[in-house]
Number of protein chains: 2
Amino acid sequence: MSVAFTSTQSAPDRTRAALGSIGSVSLFDRNNTIFAEGDEAEHVYKVVSGGVRLCKMLQDGRRQIVEFALPGDYFGIDWLERHALTAEAMVDTTTVCYGRGRLTRLGDENRDVRAEIFSTLRHDLWAAQNHLVILGRQSARERVAAFLLQLLERRREGAKNKLDLPMTRQDIADYLGLTIETVCRVLTALKREGVIDIPDRHSLTVRNAEALEDACTAED
Amino acid sequence: MSVAFTSTQSAPDRTRAALGSIGSVSLFDRNNTIFAEGDEAEHVYKVVSGGVRLCKMLQDGRRQIVEFALPGDYFGIDWLERHALTAEAMVDTTTVCYGRGRLTRLGDENRDVRAEIFSTLRHDLWAAQNHLVILGRQSARERVAAFLLQLLERRREGAKNKLDLPMTRQDIADYLGLTIETVCRVLTALKREGVIDIPDRHSLTVRNAEALEDACTAED
DNA sequence: CGCACTATTGACAGCATTCAACATCAGTGG
DNA sequence: CCACTGATGTTGAATGCTGTCAATAGTGCG
């Protein structure tokens, strides 16, 4: 134990050591709700494997997915006493779960933990702001292209252009502010053009990343 | 000076005292750029009077306004070494300006300042997430209604239903992901219906807040 | 007064949605 | 192992909301 905070460790190491001591593993089945909008915010999570959708609902059933949490991502930090989002497992998912109170206390004592929390929040804000541009100012084709590029940049492992899609078409549509039909049509078009390949509904191969980047902002 | 941190002060008071010591006043003329996306993030600002638009641009000129900073709001905290947004004064604007380095150091020492920064970031994230729902899932009418209600809730002073609009119609359009023409048409429609009144282009009176709230989610 | 900028209104077009039919997939039980 | 079934995905046709283009009106400042 006395080795935990020696100067031989880097900041990320010290953060992991500090957080490891208070985290516990939680499992969630596909389509289970992890927490709902309005629930008391008691925990912060980190995805180990699987995938989680973070969304907001309107009374009439319309849904906007704010973010997908994939392996390595934290979620649930948007705390304001109560969660502002609903979190649902898109597939069977493993998470590490931290008590809010303990995390807060740890953050007060440990500068590295504080920096980690702060950095997560900053990243989420950055992501939300980029997402705003997509929803406010881009066409269906641009949205889908941007989404695929995001996944490409975020992927942790595996073949370089092979993407895993834990989310359904409906999830993608609700993330991009489109209908499921429009998402399908754009994917089909990209496939016809040889930009992507769709082996099955939960995976996708990018054949021409450059063409995707072009599709992301212009298209003539 | 010794009185600055006695227990007779509340946390907000202590925060103000600590921040007051490192803030300086800055003035910006209408349409001046305060900082641009990609600039080194050296300062954090707080609006005293006027109004600032925070936006992102696409190469082809499309623009998405992420947030309006009105009196009392902080902006520029989204720092990641470099600003992710462009900040422009919509009207002649007065701000208090804090050096990033000094603010960071102050935050390390002072728990209240830290909480204030954290809280600002959390608020920005919360606002961006609500904005996502508007851009992703709401109609033109719903967007405009939601925007007006936001302003109504944020207004600091003045007659209860009288709104100040420091932004142009184009700014509103770029905030809501619409065109200027659509914003105009919706405003005209709301006026015809007696929901609002438009004395001049930079002010607006809400005659029927309940109707606005209805227009915000449904419409039948 | 005149000019540039901003806002409003109308006519028309286009992209994404809606509605509908069909195909494919995954899980279950025979 | 295969048939059955509900969920998910794909494709087509038609509608409609919002965007585009264009003309006009209003505003503010030199």
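This note covers the contact between the two assigned domains of chain A in a predicted model.

1. Domain bounds. The assignment places domain 1 of chain A at 11-134 and domain 2 of chain A at 138-217. Their C-alpha centres are 24 Å apart. Each side brings residues to the contact: 17 residues from domain 1 of chain A and 17 residues from domain 2 of chain A.

2. Buried area. Between domain 1 and domain 2 of chain A, about 1,500 Å² is buried, and carbon and sulfur atoms account for 55% of that area. On the domain 1 side, the residues that lose the most area to domain 2 are Arg63(A), Phe68(A) and Ile134(A), which together make up 43% of what that side buries.

3. Charged and polar pairs. Five salt bridges are counted between domain 1 and domain 2 of chain A. Arg63(A) forms a salt bridge with Asp174(A), with 2.6 Å between the closest N and O atoms. Arg63(A) is thus listed both here and among the residues of domain 1 that lose the most area. Across the same interface, eleven residue pairs are in polar contact, both residues of each pair being at pLDDT 80 or more.

4. Elements on the domain 1 side. Strand S5 (63-69) and helix H3 (111-137) of chain A each give at least two residues to the side of domain 1 that touches domain 2. S5(A) has the largest share of that side, seven residues.

5. Composition of the domain 1 side. The residues of domain 1 of chain A that touch domain 2 comprise ten nonpolar, three polar and four charged.

Terms used
Residues are numbered from 1 along each chain as its sequence is written. Chains are lettered from A and ligands numbered from 1 in the order in which they are written. This is a predicted model: local features need pLDDT of at least 70, side-chain atom pairs count only at pLDDT 80 or more; totals for chains, interfaces and linings use all residues. Side-chain values use heavy atoms; hydrogens and water are left out. Domain bounds come from an automatic or database domain assignment. Contact means heavy atoms within 4.5 Å. Buried area is the accessible area (1.4 Å probe) that two parts lose on being put together, summed over both. A salt bridge is a side-chain nitrogen of Lys or Arg within 4 Å of a carboxyl oxygen of Asp or Glu. A polar contact is a pair of N or O atoms within 3.5 Å; within protein, one must be able to donate a hydrogen and the other to accept it, and residues adjacent in sequence count only if both atoms are side-chain atoms. Helices (H or I, at least four residues) and strands (E, at least two) are DSSP runs, numbered from the N terminus. Ala, Val, Leu, Ile, Met, Phe, Trp, Tyr, Cys and Pro count as nonpolar, Asp, Glu, Lys and Arg as charged, and the others, Gly among them, as polar.
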